[in-house]
Amino acid sequence: NLTSMSEPTQPNNDDLLTVAELADLLGVPVRTIHAWRYRGTAPPGIRLGKHLRFRRSAVETWIDQHEDR
């Protein structure tokens, strides 16, 4: 059904985010995401060939773990 394809969809916890989408979500520059990856402090990523993606559910867990208490 073509109408369902054009309707906006709600984010799914299993959505894969690009580096740019993750940076936008967190409100940081893309280079910060790469720096965090280099230091091993970024959310866990998934390498798909030469492309890097982040599972939304893993990002949400990572955010929860970095919450100030």
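Visitor: Which residue takes a positive phi just after helix α2, and at about what angle?
Guide: The model examined here is a predicted one, and its helix α2 spans residues 19–26. Just after α2 comes the residue in question, Gly27, whose positive phi is about 70°.

Visitor: Which residues of α2 are buried, and why do they lie on the same side of the helix?
Guide: The buried residues in α2 are Val19, Leu22 and Ala23. Because they cover an arc of only 100° around the axis, they are put on the same side of α2. As a general rule, an α-helix has 3.6 residues a turn, so residues three or four places apart point the same way. The names asked for are therefore Val19, Leu22 and Ala23, and the arc that places them together is 100°.

Visitor: What do the buried residues of α2 pack against?
Guide: Their partners include both strands and helices, with β1 and β3 among them. Added to these are two helices, so the full list for the buried residues of α2 reads β1, β3, α4 and α3, the last covering 30–39.

Visitor: Which residues does Val30 contact, leaving aside its neighbours within four places in sequence?
Guide: Val30 lies in helix α3, and it counts as partly exposed because its relative accessibility is 35%. Val30 and Val19 are 11 residues apart in sequence, yet their C-alpha atoms are 6.5 Å apart in space. With its neighbours within four places set aside, Val30 is in contact with Val19, Ala20 and Ala23.

Visitor: Does Arg31 count as buried or exposed, and what distance separates its C-alpha atom from that of Ala20?
Guide: Arg31 lies in helix α3, and at 66% relative accessibility it counts as exposed. Arg31 and Ala20 are 11 residues apart along the chain, and the separation of their C-alpha atoms is 9.5 Å.

Visitor: Which residues form the aromatic pair, and which parts does the pair tie together?
Guide: A search of the whole structure finds 1 aromatic pair. Trp36 and Trp62 form this pair, which is tilted, with 5.5 Å centre to centre and 45° between the planes. Both residues count as buried, Trp36 because its relative accessibility is 19% and Trp62 because its value is 12%. Since Trp36 lies in one helix and Trp62 in another, the pair ties together parts 26 residues apart in sequence, namely α3 and α4.

Visitor: What is the order of the strands in the sheet, and which are the edge strands?
Guide: The sheet is open, has 3 strands and shows antiparallel pairing, with the order β1-β3-β2. Each edge strand pairs on one side only, and these strands are β1 and β2.

Visitor: Which helix packs on the sheet, and what angle does its direction make with that of β3?
Guide: The helix that packs on the sheet is α4, residues 56–65, which touches β1 and β3. Its direction makes an angle with that of β3 of about 65°.

Visitor: How many bridges join β1 to β3, and which residues are the partners of Leu16 and Leu17?
Guide: Strand β1, residues 16–17, pairs with β3 in the antiparallel sense over 2 bridges. Leu17 stands opposite Phe54 in β3, while the bridge partner of Leu16 in that strand is Arg55.

Visitor: How many bridges join β2 to β3, and which residue of their hairpin takes a positive phi?
Guide: Strand β2, residues 46–48, runs antiparallel to β3, and 3 bridges join them. Leu48 stands opposite His51 in β3. In the hairpin of β2 and β3 there are 2 residues between the strands, and the residue with a positive phi near 65° is Gly49.

Visitor: Which side chains of β3 are buried?
Guide: Along β3, residues 51–55, the side chains alternate between two faces. His51, Arg53 and Arg55 point to one face and are not buried, whereas the buried side chains that point to the other are Leu52 and Phe54.

Visitor: What pattern does the chain follow along the sequence, and what share of its residues is buried?
Guide: There are 4 helices and 3 strands in the chain, and, read along the sequence, they follow the pattern α-β-α-α-β-β-α. Among contacts between residues at least 6 apart in sequence, 49% join residues at least 24 apart. Of the 69 residues in the chain, the buried share is 19%.

Terms used
Residues numbered from 1 in each chain as written. Predicted model: local features only at pLDDT ≥ 70, side-chain atom pairs only at ≥ 80, totals over all residues. Heavy atoms only, no water. Buried < 20%, exposed > 50% of the residue type's maximum accessible area, 1.4 Å probe, protein only. Pairing = 2+ DSSP bridges. Contact = heavy atoms within 4.5 Å. Axes fitted to C-alpha atoms, helices over the stretch in contact; angles between N-to-C directions. Arc of directions from axis to C-beta. Phe/Tyr/Trp six-rings, centres within 6.5 Å; stacked < 30°, edge-to-face > 60°.
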